[in-house]
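I opened a new notebook page for this chain. My plan is to look up confidence, core, cavities and a few single residues.

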Amino acid sequence: MTPPSAGPAALSPAADGVRTRQDTGSGGRSRGLARAALLTAALSVAASLLGLVRDQALARLFGAGSGTDAFLVAWTVPEFAATLLIEDGLAFALVPMFSLALARRARGAPGDPVRALVAATLPRLAPAFAAVAALTALTAPYLVRVLAPGLPDRALAVDCTRLTATCVLSFGLAGYASAALRAHRRFLAPAAIYVAYNTGIITTMFLCGGAWGVRAAALGVAVGGCLMVAVQLPALLGQVRRGPARRAGPAADGTRPLALALLGTVLLFALGRQSQVLIERFLASGLPAGAISHLNYAQKVAQIPMTLSLMLCTVTFPVVARALADGDTERARRRVERDVALAAHLVLLGAATVVACAPQLVGLLFQRGAFTPADTAATAGVMRVYALGLLAQTVVGALARTYFSAGRASWYPAAAMAAGLAATAVLGAGAVTAWGVRGLAAANAAGITVTAALLLAGTGRRAVPVRTGRVLAGLGRALAVAAVAAAAGAGVAARCAAPAAGLAAGAATVAAVFALTGAVLGVPGVATARDLLRPLRSTRSTRSAPPLSRRLPHGRFRRYHRFPWLRRPR
């Protein structure tokens, strides 16, 4: 956040309509954070609903057979690109860089550190994105053979992969813009990118599905990627132009190796996290037709609670990065612990609902057209197993940010992810023969749990020093509450003949039991959510506010050696 000394420019109205306003009091800061979190939540819900509409359209138009299996192998490209370039990888590297540049801009550094950062990074990254996109399209036949050696229709998968390869460039540019805007506390445009993306896919499928078949879905990925860039470009240009008119000086020597070291560790971690999908599809390619589709539909619906629970971490990641840039480790620790508690509370509530109402949920969403009752039963069974790993997925997403918030290259998250990946591969290979797709889902949950445990154990010197014992105690209570709520909700949902009635009754039961049991056991996420939303009901803080941050000279300046282009020109 921009310090108050930055002057009127720091408080100018946002071009895109939403920005967290900096205040000297904690009340104003909390109100800005709460507004940003609610905005991100609203657009995340809209994007998730459109994602469901997209999957429903895919199921209705093309069913769950060899054609959709071929497309979903090609879908691996945008899945990887989104994780590496938008959601985790590039954001983990760029948000701390832009936070430091903004801190220097606010203190009136010569030139414009933000423009210097853009000039030092974007001209290198954009050609790299384009080159990888071209390489992916050229090597599509080999990628399909490696990803799914048992796939019946490889030619269709190759065609779809070449169309989806364009998203490497568009997602890279969209991810760069999202990281820059979030560091500037601009959340509207970055939160809207998946709304634009899913709108492009849905529209293209309906317009071109008759002539192109399932290839229309792959074409929609290309169209949606372009829309992701378009919705952010005006806001990004406005922020870059806000700086001083003086020309920024050239980056110092050594910038590239340091930037690549940080970027390399971040991308390696994100690549390992997304590789779980590769293992699943590789092992599932030898199962009967439709297995990959059942995995995909189950995963997409089951991960909605995780996506919504991590939206707060997306908003607060720049806050943690700025706190570390100012040398305020204590403020960063408090923020991370609160984020983990609230995210765990939200994801376990969603996971309990998924476990309790999986058949009703899948039936209402997908069972129409080419999607049969047998597909519903298979998808619901996989979904319930996937839900067992949602807490670990959320903990990984929340804690991984802390390892990169200070702008340091760290290999530990990649090593923790590699250990979880090895567990997924070994357990999946052993379970797929006996339990099929459910065995693969169970291996996924076990592998990500290993990674979550290692990341939590590694905090301290390697990341923001959270209190591990306190965090584990809170997660344990929340997990017990979720288990009780899921059992109660499943019993109620099973007694209703109509799927809609079963889903409504089961979800209401889960929510009521979760809230009551959580209050009794003192689940920390309940109080955290109440504290987060309280500022929206109050126009000013009634308590004395602590300083924005502790201005520690050794913390303010010693980190700039990691990004040489932010130094003052000599």
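Before the core, I fix the term: a nonpolar core is a set of buried Ala, Val, Leu, Ile, Met, Phe, Trp, Tyr and Cys residues joined through side-chain atoms within 4.5 Å. I also note that this is a predicted model.

**Entry 1: the core**

I looked up the largest nonpolar core and found 144 residues in it. Which members touch the most others? They are Leu58, Phe71, Phe98, Phe171, Phe366 and Met383. I then asked which helix gives this core its largest share. It is helix 16, residues 329-366, with 16 residues. There is also a second, separate core of five residues, and Leu43, Phe187, Ala191 and Val315 are among them.

**Entry 2: confidence**

I checked the pLDDT next. The chain average is 79, and 81% of the residues score at least 70. Two stretches made me stop. Over residues 246-258 the pLDDT is below 50, and I count 24 contacts there beyond near neighbours in sequence. Residues 535-570 also have a pLDDT below 50, with 87 contacts beyond near neighbours in the model. Where pLDDT is low, the predicted coordinates should not be read in detail. I therefore leave the details of such contacts alone.

**Entry 3: the overall make-up**

I took stock of the secondary structure: 23 helices and zero strands. The chain has 570 residues, and 57% of them are buried. I looked at sequence separation too. Among contacts between residues at least 6 apart in sequence, 84% join residues at least 24 apart.

**Entry 4: Phe366 and Asp55**

I went back to Phe366, one of the core members that touch the most others. Leaving aside neighbours within four places in sequence, Phe366 is in contact with Asp55, Gln56, Ala59, Tyr297, Val301 and Phe371. Asp55 caught my eye in that list, so I followed it up: is Asp55 buried or exposed? Asp55 counts as buried because its relative accessibility is 4%, and the cut-off is under 20%. Asp55 lies in helix 1, residues 26-62. Beyond residues up to four places away in sequence, Asp55 touches Tyr297, Lys300 and Phe366. Tyr297 appears in the contacts of Phe366 and in those of Asp55.

**Entry 5: the largest cavity**

I searched for enclosed space and found eight cavities of 30 Å³ or more. The largest has a volume of about 1,200 Å³. Its lining holds 47 residues, and Glu87, Tyr194, Gln303, Met306 and Thr307 are the closest to its centre. Which helix supplies the largest share of this lining? Helix 1 does, with nine residues. By class, I read 23 nonpolar, 15 polar and nine charged residues in the lining of the largest cavity.

**Entry 6: the second largest pocket**

I turned to open space. The second largest pocket has a volume of about 780 Å³. I listed its lining: 33 residues, with Leu84, Leu85, Val132, Val168 and Leu267 nearest the centre. The lining divides into 26 nonpolar, five polar and two charged residues. Helix 3 (76-87), helix 4 (89-106), helix 5 (113-138), helix 6 (140-147) and helix 12 each give at least two residues to this lining.

**Entry 7: Gln276**

Helix 12 (residues 255-284) also holds Gln276. I looked up its accessibility. Gln276 counts as buried, because its value is 3%. What does Gln276 contact, leaving aside neighbours within four places in sequence? I found Gln393, Met417, Leu421, Thr424, Asn444, Gly447 and Ile448. I also took one distance. The C-alpha atoms of Gln276 and Ile448 are separated by 8.7 Å, with these positions 172 residues apart along the chain.

**Entry 8: Arg333 and Leu479**

Arg333 is found in helix 16. Is Arg333 buried or exposed? Arg333 is buried, because its relative accessible area is 8%. Not counting neighbours within four places in sequence, Arg333 contacts Val464, Pro465, Val466 and Arg467.

My last stop was Leu479, in helix 20 (residues 468-494). With a relative accessible area of 46%, Leu479 is partly exposed. Leaving aside neighbours within four places in sequence, Leu479 is in contact with Leu348 and Leu391. The C-alpha atoms of Leu479 and Leu349 are separated by 9.5 Å, and the two residues are 130 apart along the chain.

Note on methods: Residues are numbered from 1 along each chain as its sequence is written. This is a predicted model: local features need pLDDT of at least 70, side-chain atom pairs count only at pLDDT 80 or more; totals for chains, interfaces and linings use all residues. Side-chain values use heavy atoms; hydrogens and water are left out. pLDDT is the predictor's confidence in each residue, from 0 to 100. Contact means heavy atoms within 4.5 Å. Buried means under 20% relative accessible area, exposed over 50%, partly exposed in between (1.4 Å probe, protein chains only). Helices (H or I, at least four residues) and strands (E, at least two) are DSSP runs, numbered from the N terminus. On a 1 Å grid over the protein atoms alone, a cavity is a set of points where a 1.4 Å probe fits but cannot get out, and a pocket is an open set with protein on both sides within 12 Å along at least five of seven lines; lining residues have an atom within 4 Å of a point. Grid points are joined across faces, edges and corners, and a volume is the space filled by probe spheres set on the points. Ala, Val, Leu, Ile, Met, Phe, Trp, Tyr, Cys and Pro count as nonpolar, Asp, Glu, Lys and Arg as charged, and the others, Gly among them, as polar.
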